[in-house]
Amino acid sequence: MLQVVQDEPGAPAFEAALTAQRASDQASLPGGWRQVEALPVGLFAAVMGLTGLSVAWTLAHARYGTPSWIGPSVGVVASVAFVTIAAGYAAKARIAPQAVRAEFRHPIAGNLFGAPLISLLLLPIPLTPLSLALARVLWIVGAFGMTLFAWLIVTRWLSDRQQAVHATPAWIVPVVGLLDVPLALPGLGLPPMQGVMIFGLAVGLFFALPLFTLILSRLLFETPLPAALQPSLLILVAPFAVGFSAYVATTGVIDLFAEALFAIALFLLAVLLPKLARFGRACPFRVSWWGVSFPLAAVAVAALRVATVQPGPATDTLALSLLTLSTLVIAWLLARTLIGLARGELRTLAQ
């Protein structure tokens, strides 16, 4: 999603804490384990993107008869990625607790601790056919954790004066992440939780508007985002694409309001997508590139839902185009990340 860089205020202190902890641990840690200190919590965005892609391919199978194994297979990859990243971050918390605390307290990076909680809300969708009990447990933990984290971050925002330069797309993650609460519920077979679904939808959409305004204001009137943060701009699409799916999951219909959310998501994607082609020149590959994965997958899922209810040449072409785009981008991100990890480049990729 988004990594801390030294161009942002407050980042030097964050990097200093990481450097000090790394220096103290290097004497006792074997070479291979030293990299885990650099593991950013934002890498959980990979789980979010892969899970969204799994849902998209499952919908594509229902609508177009694509191979039925693709969606579940991507879901398994997402699950493996979650376990692997969680184990790595647990190791980081054990060997470099100061770095974890600094990351959590940082006004930008701290918001990304919502990414593992969102992953817990999304993974039950592909996991339900494999283990309904596990899917239920993950969703319950994710729902409670996401609600508590949103409360904590909003309390932090209201307790201290914030700097406009810190209003980056990462601010969307903690509270707007509540929009993911309703997504898996219809398939979990739990007692009716309409109130919970409405809560996630209402709070997520309510905070999406002022946060979007603050971030847009920062982009217009403050210095441009550092190169390493440029891919995170696509996060601005997520509230409307995910809001569409959350609204449909809660109400069961695609009405005028749902179509309006989808239209906004498409417009923002059209504005930001040309920037995606320029990110490669402005920003060498970093973990922050995963910030584009979930928004792309979420728009593809929304387009496939629309094409299922309103089939036609235009909606089908749009849905298949977005599915292809998100698949190619996420496949490249996964391959490039695995190559980087195999080469021992985690410290570089996390910068």
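In this predicted model, the buried residues of α8 (buried meaning under 20% relative accessible area with a 1.4 Å probe, protein chains only) are A135, L138, W139, G142, A143, G145, M146, F149, A150, I153, V154 and W157. An α-helix has 3.6 residues a turn, so residues three or four places apart point the same way. The cover over the buried residues of α8 includes α5 (97–105), α6, α7 (124–127), α9 (172–176) and α10 (194–221); helices here are DSSP runs of H or I with at least four residues, numbered from the N terminus. Helix α8 itself has 28 residues and spans 40 Å from first to last C-alpha, close to the 40 Å expected, that is, 1.5 Å times one less than its number of residues.

Residue numbers start from 1 along each chain as its sequence is written. Local features need pLDDT of at least 70 and side-chain atom pairs pLDDT 80 or more, while totals for chains, interfaces and linings use all residues, and side-chain values use heavy atoms, without hydrogens and water.

One of the covering helices, α6, occupies residues 114–122, and its axis comes within 7 Å of that of α8 (residues 132–159), crossing at roughly 145°. Axes are lines fitted to C-alpha atoms over the stretch in contact, with angles from 0 to 180 degrees between N-to-C directions. In this contact (heavy atoms within 4.5 Å), G114, L117, I118, L120 and L121 of α6 meet residues of α8 including L138, W139, G142 and F149.

Elsewhere, G291 lies in the loop between α12 (256–282) and α13 (293–309). G291 counts as buried because its relative accessibility is 0%. G291 and I235 are 56 residues apart in sequence, with their C-alpha atoms 6.5 Å apart in space.

Methods: Helix = DSSP H or I, 4+ residues; strand = E, 2+ residues; numbered from the N terminus. Buried < 20%, exposed > 50% of the residue type's maximum accessible area, 1.4 Å probe, protein only.
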